[in-house]
Each structure stands twice: as structure tokens, then as C-alpha cells.
Amino acid sequence: MNLPNKITSGRFVFTILFLATLGWGSQRNDPRLLTAAFVLFQIAAWTDLLDGYLARKYQQVTHFGRIADPLVDKILVCGAFIFFLTIEPLDRIFSAWFTVVVLGREFLVSGIRGAAEAAGIPFPASVWGKIKTFIQNLTVGWGVGHAAWIPDSRWSTGVLTALMWGSLAATVISGATYVMGARRLLGSGRI
């Protein structure tokens, strides 16, 4: 297992710790646990840049990395958005339909990527996929910080609402770009 894959595996551990801490913090309405969840999220989210950079720089891109890296991203962000439905005051900003759109996009893209990879065709992240991940990471980070430190702040609520809509737009646009890429791939007869 090379270094980028070890970092991805470590990100998975931090993701599980983040989700467990977020759940405990929300059940107890404990700002200290939510602060710990915020720190764990930052580690899990931003080390994503490191593993991808190292894999490309040292030409250590592997099948495991191409599958595991986006899977960890999906668990991290989708898990957070699911928990947001139960955390006061995030439950007033995030709704079930938002989470369903995000999850639906992730299932769709995972299916497309899986079909391509099974046919031996690399299906890397698009620019819009990277933009979507960046905006979603900002949204989750801001959301956890908002719940931990300033749940009654109107300006923070406004920023978080704008980030939620930005995440939604980037999710839909990136999903559409993957579907268009899949149409070309499917039409090529390679799958």
C-alpha cells in the first residue's frame, strides 16, 4: 500500500470518528463535542487534497485509490448532511429533499464510475466534481462550526443558507457533466 492509499485509509478512519463525534455532540447538544467534530472534519476533508496530489506527483494512482478516495468523500459529506437533519439549528436550513438530491447524485456518479472502471476505462473527477467537493466541504465545515459556536447568529445562518444553495447547484451541475460524459462513453461501445 503506497502513501496516498495510506492517507486515504487514514481519511476513512477520521471520517468515522467525525461522524461518531458529530452524532454524540448533536445528541448531547455539546459544543465541545461539536468542536471536536469540526476539527476531525477538517482533517478528513482537507487531507483529500494531499492524497490526490501525492498520487499524481509520484505516479502512484491505483485502482484502490480511484475507488476508495471518492467513496470516503461521499461517506464524509453525505453522512454529515444526514446528521444535519437532526442537529438544531441545522435542521431548519437543511431539508430531506436537499439530502436526497446529494445522495442521488452520488449514487448515480458511483454507478457510472463503477461501470467505466469495470470496463477498464478510468473515469476521473471532473472540474465540476472538484468544485462540488470544495463547496460541500465548506458547507459542512461552516455548518458544524455554526452549530457548535454561533447557532443563533443571523449572519452565519445567511452564509450557511447561501452555501447550502451553492452546494445544491454544484451538485446538480457536476452530476449533469458526469451524465454527459457517460453518454459519450456508452455511445462509444466501450461499455
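1. Packing of α3 against α5. In this predicted model, the axes of α3 and α5 lie 10 Å apart and make an angle of about 40°. The two helices are therefore oblique to each other, since the angle falls neither under 35 degrees nor in the range of 65 to 115. The crossing in which α3 passes α5 is left-handed.

2. Residues between α3 and α5. From α3, the residues V77, A80, F81 and F84 take part. They meet Q136, N137, T139, V140, G143 and V144 of α5. Sorted by class, the residues of this contact are six nonpolar and four polar, with no charged residue.

3. V140. One residue of that contact deserves its own point. V140 belongs to helix α5. Is V140 buried or exposed? Its relative accessibility is 0%, so V140 counts as buried; the cut-off for buried is under 20%. Setting aside neighbours within four places in sequence, V140 is in contact with F18, F41, V77, A80, F81 and F84. As a distance to check in the viewer, the C-alpha atoms of V140 and D48 are separated by 15 Å, with the two residues 92 apart along the chain.

4. The largest nonpolar core. This core holds 28 residues. Which of them have the most contacts inside the core? They are F18, L22, F81, F84, F94 and V140. The elements that contribute two or more residues to the core are α1 (3-28), α2 (31-57), α3 (63-84), α4 (96-118), α5 (127-149) and α6 (154-187). Apart from this core there is another, made of eight residues, including V109, I112, F123 and Y178.

5. F18. The contacts of F18, again without its neighbours within four places in sequence, are A37, L40, F41, L76, A80, V140 and V144. F18 and V140 thus appear in each other's contacts. Both F18 and V140 are also listed among the residues with the most contacts inside the largest core.

6. Packing of α1 against α2. These two helices pack with their axes 8 Å apart, at an angle of about 160°. They are therefore roughly antiparallel to each other, the cut-off for that description being over 145 degrees. α1 passes α2 in a left-handed crossing. The residues of the contact comprise 19 nonpolar, six polar and four charged.

7. Packing of α3 against α4. Here the angle is about 170° and the axes are 10 Å apart. α3 and α4 are therefore roughly antiparallel to each other. On the α3 side, the contact is formed by H63, R66, P70, K74, C78, F81 and I82. On the α4 side, the residues are F98, T99, V102, L103, R105, E106, S110, R113 and E117. By class there are seven nonpolar, three polar and six charged residues. The contact of α3 with α5, by comparison of the listed classes, has no charged residues. F81 takes part in the contact with α4 and in the contact with α5.

8. R105. This residue lies in helix α4. How does R105 count by its relative accessibility? At 8%, R105 counts as buried, because the cut-off is under 20%. Residues up to four places away in sequence not counted, R105 touches K74, G129, K132, T171, S174, G175 and Y178. Of these, K74 is in α3 and is listed in the contact of α3 with α4. Y178 is among the residues of the eight-residue core.

9. The peptide bond before P89. The bond that joins E88 and P89 is cis, with omega of about 5°. P89 sits in the loop between α3 and α4.

10. Positive phi angles in two loops. N29 is not a glycine, yet its phi is positive, at about 50°. N29 is placed in the loop between α1 and α2. With 57% relative accessibility, N29 counts as exposed, because the cut-off for exposed is over 50%. Q59, also not a glycine, has a positive phi of about 50°. Where is Q59 placed? Q59 is in the loop between α2 and α3. The relative accessibility of Q59 is 72%, so Q59 counts as exposed.

How values were computed: Residues are numbered from 1 along each chain as its sequence is written. This is a predicted model: local features need pLDDT of at least 70, side-chain atom pairs count only at pLDDT 80 or more; totals for chains, interfaces and linings use all residues. Side-chain values use heavy atoms; hydrogens and water are left out. A nonpolar core is a set of buried Ala, Val, Leu, Ile, Met, Phe, Trp, Tyr and Cys residues joined through side-chain atoms within 4.5 Å. Buried means under 20% relative accessible area, exposed over 50%, partly exposed in between (1.4 Å probe, protein chains only). Helices (H or I, at least four residues) and strands (E, at least two) are DSSP runs, numbered from the N terminus. Contact means heavy atoms within 4.5 Å. Axes are lines fitted to C-alpha atoms, for helices over the stretch in contact, and angles run from 0 to 180 degrees between N-to-C directions. A crossing is left-handed if the near helix is turned anticlockwise from the far one by less than a right angle, and right-handed if clockwise. Ala, Val, Leu, Ile, Met, Phe, Trp, Tyr, Cys and Pro count as nonpolar, Asp, Glu, Lys and Arg as charged, and the others, Gly among them, as polar.
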